[in-house]
Amino acid sequence: MWSGAAAAAAAARAVSPPLHVPSLSGRRGAGRPSTVSARAAGGLMDFVGGDLVKPDLGRWLDDVEEHKALAIYPPHEGGYEGRYLNRLRYQGYYFLDMSARGLGDPESTLTKIHPVCPPSLGRQPVARWYFPPEVDYRLSLLHPDAKGLVVWVLEAKVLSKAELQFLAMLPDLRPKVRVIAECGNWRKFTWKPLKQISGLEPDPDAEE
């Protein structure tokens, strides 16, 4: 009679298929794994990586300096916006990354002393803490050689029209501030002036 270990080993050999190892010897091409070709509809832009966005980096810098507040639309898969962020960093800008979700009133949070209520666990009294203006506080800490501060707002598509209008006017209130708001997604990285998106200026594309 077999022992328990021997029986288990015999059952494993009976159930498990033999491991197939492709041969590397013999005639030419033997042992090579088969390849499956796939075709996808689309243009040249669908088959290249983010390196092809380099030609428009100069226009990106010019638009940031001209309009001072931009609404960007990166691809859904992400990653492309980092190249544009780094180019601004090379120019001497510092960054304040914020999410639009939970931002509260942008005017109070960014330019005024604003209260923050920590969550209460039921038996604790409702407290209220006061924080300095996010933008003014970081402007005071900038290096003397810094070119300015970029307020990069994530998920800005959840903001109201009035909140987007304030972000568009923030560089007018704080000249060293630039605003980049992620207002949606598109198949390729694109941007528009935030004042046009928020309705402060006429949108040429909408008029067409």
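This is a short tutorial chat about reading strands, salt bridges, cysteines and a surface patch in one structure.

Trainee: Before we start, what kind of model is this?

Mentor: A predicted one, so keep that in mind throughout.

Trainee: Okay, strands. Is strand β5 mostly covered or mostly open?

Mentor: Look at how many of a strand's residues are buried. Strand β5 spans residues 148–154, and six of its seven residues are buried, so it is mostly covered.

Trainee: Which way does strand β2 run relative to β5, and how many bridges join them?

Mentor: Strand β2, residues 93–99, runs parallel to β5, and seven bridges join the two. If you want a spot to click on, Y94 stands opposite L149 in β5.

Trainee: And how does β5 pair with strand β6?

Mentor: In the parallel sense again, over five bridges, with β6 covering residues 177–182. One pair to find there is V150 with its bridge partner R178 in β6. Now trace the chain: it leaves β5, passes through helix α6 (residues 161–173) and arrives at β6, making a right-handed β-α-β crossover.

Trainee: On to charges. What's the general idea behind a salt bridge?

Mentor: Side chains of opposite charge can pair when their charged atoms come close. In this structure there are nine salt bridges.

Trainee: What does K147 pair with?

Mentor: The side chain of K147 meets that of E65, at 3.6 Å from N to O. K147 sits in the loop between α5 (134–140) and β5, while E65 belongs to helix α2 (residues 57–67), so this pair ties together parts that are 82 residues apart in sequence.

Trainee: How accessible are those two, K147 and E65?

Mentor: Both are in the middle class. K147 is partly exposed at 39% relative accessible area, and E65 is partly exposed at 29%.

Trainee: What about a salt bridge inside one helix: how far apart in helix α5 are R138 and E134?

Mentor: They're four residues apart, which puts about one helical turn between them. Their side chains form a salt bridge of 2.6 Å, N to O. R138 is partly exposed, with a relative accessible area of 29%, whereas E134 has 18% relative accessibility and counts as buried, because the cut-off for buried is under 20%.

Trainee: Where do K192 and D203 lie?

Mentor: Start with the contact: their side chains meet in a salt bridge at 2.7 Å, N to O. K192 is in strand β7 (residues 190–193) and D203 is in the loop between α7 (194–198) and α8 (204–207), so the pair ties together parts that are eleven residues apart in sequence. Are they buried or exposed? Both K192 and D203 are buried. For a case with shared partners, go back to E65 and K147: salt bridges join these two and R178 into one network.

Trainee: I always check cysteines. How many disulfides are there?

Mentor: To call one, you need two cysteine sulfur atoms within 2.5 Å. By that rule the count is zero. As for individual cysteines, C117 is partly exposed at 44% relative accessible area, and C183, at 13% relative accessibility, counts as buried.

Trainee: Last one: which residues make the nonpolar surface patch?

Mentor: V116, W129 and F131 make it, and the patch comes to about 280 Å². To find it on screen, go to W129, which is in strand β4 (residues 129–131).

Note on methods:
Residues numbered from 1 in each chain as written. Predicted model: local features only at pLDDT ≥ 70, side-chain atom pairs only at ≥ 80, totals over all residues. Heavy atoms only, no water. Patch = residues over 30% accessible without salt bridge, like charges linked within 9 Å, V, L, I, M, F, W, Y side chains within 5 Å. Areas by Shrake-Rupley, 256 points an atom, 1.4 Å probe, with all protein chains shown as cover. Salt bridge = Lys/Arg side-chain N within 4 Å of Asp/Glu carboxyl O. Buried < 20%, exposed > 50% of the residue type's maximum accessible area, 1.4 Å probe, protein only. Pairing = 2+ DSSP bridges. Right-handed = clockwise from strand over helix to strand, strands pointing away.
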